[in-house]
Amino acid sequence: MSFPLVSIAVVNSVLFGVYSNVLLALTAMSHQERRTQLPSYTHVFIAGCTGGVIQTFFLAPFDLIKVRLQNQTEPRVQPGGPQPRYRGPVHCAATIFREEGPRGLFRGAWALMLRDTPTLGLYFVTYEGFCHQNTPHGQNPSSATVLVAGGFAGIASWVAATPLDVIKSRMQMDGLRRREYQGVLDCVVSSFRQEGLRVFFRGLTINSARGFPVNAVTFLSYEYLLHSWG
């Protein structure tokens, strides 16, 4: 848990920073001005997608290490017993780099980019649209509106992201013992043949349940910081 807590700050700062600056470049409107006149959903979607692309380069190594550590099922080390494959995030990163090279740290990055690019476009469109529809003209959205909008944005993004999240996780675990997939498309086809269509929605319920509170708090923090420093 310690590793995701540290890395999420870096990844979210990149995502929201890119989103805000791309939207500013597209609309020439400040955040406060966008509250009185909502930018087109096309601009919001493009800014969100751009944030998704840039975020991938920072998120991919962090996410790979997190998935590898979460899937490490060896019991806690006993005196005289075998050591686990990874003894922590730094050891995990060093082991992947030594055994798989620099490219190994970006295993599954294409699937991650395919997952996050359109998904984050939808994420911000859902958030901005909900806030606009439920806020009196010319006013800032209330904290309750921001929380609900962020929560629904989180659910919408995970509904769209879960199929490729399954593929991304399988690609990241591939190569741990032996190479099973030749690429993203091969992973999709193999997973479908072996487990059917339902495999692509594995984890949707827990992702959505987690996505509401996490993204509600994320957007509330985002709005508070913009309002405080704007």
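**Exercise 1. Arg34**

Work out whether Arg34 is buried or exposed in this predicted model, and find what surrounds it.

*Solution.* Start with the accessible area: Arg34 comes out at a relative value of 6%. The cut-off for buried is under 20%, so Arg34 counts as buried. Next, place it in the fold: Arg34 sits in helix α2, which covers residues 31-36. Now look for its partners, skipping anything within four places in sequence. That leaves Ser20, Leu23, Leu24, Thr27, Met29, Pro39 and Tyr222 in contact with Arg34. Finally, try a C-alpha distance: Arg34 and His132 are 98 residues apart along the chain, and their C-alpha atoms are 9.7 Å from each other.

**Exercise 2. An unusual phi**

Find out what is odd about the backbone of Ala28, and where this residue lies.

*Solution.* First, the background: most residues other than glycine have a negative phi. Ala28 isn't a glycine, yet its phi is positive, at about 60°. Then locate it: Ala28 belongs to the loop between α1 and α2. Last, check the surface: the relative accessibility of Ala28 is 65%, so this residue counts as exposed.

**Exercise 3. The overall fold**

Sketch the chain as a whole: how many helices and strands does it have, and what pattern do they follow?

*Solution.* Count the elements and you get 8 helices and 0 strands. Reading along the sequence therefore gives α-α-α-α-α-α-α-α. For the dimensions, take the principal axes: the C-alpha atoms fill a box of roughly 65 × 40 × 30 Å. For burial, 44% of the 230 residues are buried. For the contacts, consider those with a sequence separation of 6 or more; 74% of them are between residues 24 or more positions apart.

**Exercise 4. Ring against ring**

Classify the aromatic pair Phe16 and Phe219, then follow the rings onward from Phe219.

*Solution.* The structure has 11 aromatic pairs to pick from. Take Phe16 and Phe219: the ring centres are 5.4 Å apart and the planes meet at 80°. An angle over 60 degrees is the edge-to-face class, so that's what this pair is.

Now ask what the pair connects. Phe16 is in helix α1 (residues 2-27) and Phe219 is in helix α8 (residues 204-229), so the pair links distant parts of the chain, 203 residues apart. Both residues are buried, and for Phe219 the relative accessible area is 0%.

Step on to Tyr222. Its ring pairs with that of Phe219, again edge-to-face, at 6.2 Å centre to centre and 80° between the planes. Here the two partners are both in helix α8, 3 residues apart, or about one turn of the helix. Tyr222 has a relative accessibility of 9%, so it counts as buried.

Put the pairs together and you get a cluster: Phe16, Tyr19, Tyr123, Phe124, Tyr127, Phe219 and Tyr222 are linked by ring pairs.

**Exercise 5. The nonpolar cores**

Identify which residues have the most contacts inside the largest nonpolar core, and which helices supply it.

*Solution.* This core contains 20 residues. Those with the most contacts inside it are Phe16, Tyr19, Val44, Tyr123, Phe124, Tyr127 and Phe219. Trace the residues back to their helices: α1, α3 (41-70), α5 (109-133), α6 (143-173) and α8 each supply at least two. The largest share is that of α1, with 7 residues.

Zoom in on Tyr123. Leaving out residues up to four places away in sequence, Tyr123 touches Phe16, Ala153, Gly154, Ser157, Asn215, Thr218 and Phe219.

Don't stop there, though: a second, separate core has 8 residues, including Val166, Tyr181, Cys187 and Phe200.

**Exercise 6. Two helix crossings**

Describe how α3 packs on α5, and how α6 packs on α8.

*Solution.* Begin with α3 and α5: the angle is about 140° and the axes are 7 Å apart. Roughly antiparallel would need over 145 degrees, so α3 and α5 are oblique to each other. As for handedness, α3 passes α5 in a right-handed crossing.

Repeat the steps for α6 and α8. Their angle is about 140°, with 6 Å between the axes. The relation between α6 and α8 is therefore oblique, and α6 makes a right-handed crossing as it passes α8.

Terms used
Residues numbered from 1 in each chain as written. Predicted model: local features only at pLDDT ≥ 70, side-chain atom pairs only at ≥ 80, totals over all residues. Heavy atoms only, no water. Phe/Tyr/Trp six-rings, centres within 6.5 Å; stacked < 30°, edge-to-face > 60°. Helix = DSSP H or I, 4+ residues; strand = E, 2+ residues; numbered from the N terminus. Buried < 20%, exposed > 50% of the residue type's maximum accessible area, 1.4 Å probe, protein only. Core = buried A, V, L, I, M, F, W, Y, C linked by side-chain atoms within 4.5 Å. Contact = heavy atoms within 4.5 Å. Axes fitted to C-alpha atoms, helices over the stretch in contact; angles between N-to-C directions. Parallel < 35°, antiparallel > 145°, perpendicular 65-115°, else oblique. Left-handed = near helix turned anticlockwise from the far one by under 90°.
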